[in-house]
Amino acid sequence: MDEVFSTKTWTVVRRGSKFGALRMGGAVVAYIDSETIGKPVYIRFWDLTADKPVGTPITMPINEFPQGLFWDRANHLDVVSYLPKKYHHGMIVRGTGYRWRRASDKLRILATVLPKERRISVVKGSVTY
């Protein structure tokens, strides 16, 4: 259970269970809404002062799973998403990795990180690492 406190009175102004990123200025929280199984994942915005949704939700690409949200000092929202392995005709064409996107710019890709994976090959009973 999360609690948001007023900095003027130090009393609780909101309780909830959504984790997110607090925008500069402290009035809007961006959070990942993945509560709908089998449907697209959204990044939504909540106005803490009005206690209601604000703005337009951002739809994540179907093959990416958001892991974290970050506001920079210029109030740009960035999202880091997990990329599962990609297969084509049974062969791996991309390993698992992460993608960094600028969420406030129609999810423009800023960087893609594919960590080096340990490769295991088996040829007639022999294993190499």
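What pLDDT does the chain average, and what share of the residues score at least 70?

**View 1. The whole chain of the predicted model, with its confidence and its overall make-up.** The chain averages a pLDDT of 79, and 77% of the residues score at least 70. Over residues 120-129 the pLDDT falls below 50, although this stretch still has 10 contacts in the model beyond near neighbours in sequence. The secondary structure consists of 15 strands and zero helices, and 26% of the 129 residues count as buried. Among the contacts with a separation of 6 or more, 24% are made by residues that are 24 or more positions apart. The accessible surface of the chain is about 9500 Å², and carbon and sulfur atoms contribute 56% of that area.

**View 2. The open sheet of four strands, in the order 8-9-12-13.** The pairing in this sheet is antiparallel, and its edges are formed by strand 8 (65-71) and strand 13 (108-113), each of which pairs on one side only. From one strand to the next, the twist averages 20°. As a general point, strands of a sheet pair through backbone hydrogen bonds, in either a parallel or an antiparallel arrangement.

**View 3. The pairing of strand 8 with strand 9 (residues 77-83).** These two strands run in the antiparallel sense and are joined over six bridges. Within this ladder, G68 has V80 of strand 9 as its bridge partner.

**View 4. The aromatic pair of F45 and W71, one part of a search that finds three aromatic pairs in the whole structure.** The ring centres of F45 and W71 are 6.3 Å apart and their planes stand at 55°, so the pair is classed as tilted; the angle lies between the limits of 30 degrees for stacked and 60 for edge-to-face. Because F45 belongs to strand 5 (residues 42-47) and W71 to strand 8, the pair ties together parts that are 26 residues apart in sequence. Both F45 and W71 are buried.

**View 5. The aromatic pair of Y82 and Y98, seen together with the strands that carry them.** The ring centres of Y82 and Y98 lie 5.7 Å apart with their planes at 65°, so this pair is edge-to-face, given that planes over 60 degrees apart fall in that class. Y82 is in strand 9 and Y98 in strand 12 (residues 97-102), so that the pair links distant parts of the chain, 16 residues apart. The backbone adds a second relation between these residues, since Y98 in strand 12 is also the bridge partner of Y82, and strand 9 and strand 12, which run antiparallel, are joined by six bridges. Y82 counts as partly exposed because its relative accessibility is 29%, and Y98, at 39% relative accessibility, likewise counts as partly exposed.

**View 6. The hairpin of strand 12 and strand 13.** Strand 12 and strand 13 run antiparallel and are joined by five bridges, with R99 standing opposite T112 in strand 13. The hairpin has five residues between the strands, and in it K106 takes a positive phi near 55°.

Methods. Residues numbered from 1 in each chain as written. Predicted model: local features only at pLDDT ≥ 70, side-chain atom pairs only at ≥ 80, totals over all residues. Heavy atoms only, no water. pLDDT = per-residue confidence, 0-100. Contact = heavy atoms within 4.5 Å. Buried < 20%, exposed > 50% of the residue type's maximum accessible area, 1.4 Å probe, protein only. Areas by Shrake-Rupley, 256 points an atom, 1.4 Å probe, with all protein chains shown as cover. Pairing = 2+ DSSP bridges. Axes fitted to C-alpha atoms, helices over the stretch in contact; angles between N-to-C directions. Phe/Tyr/Trp six-rings, centres within 6.5 Å; stacked < 30°, edge-to-face > 60°.
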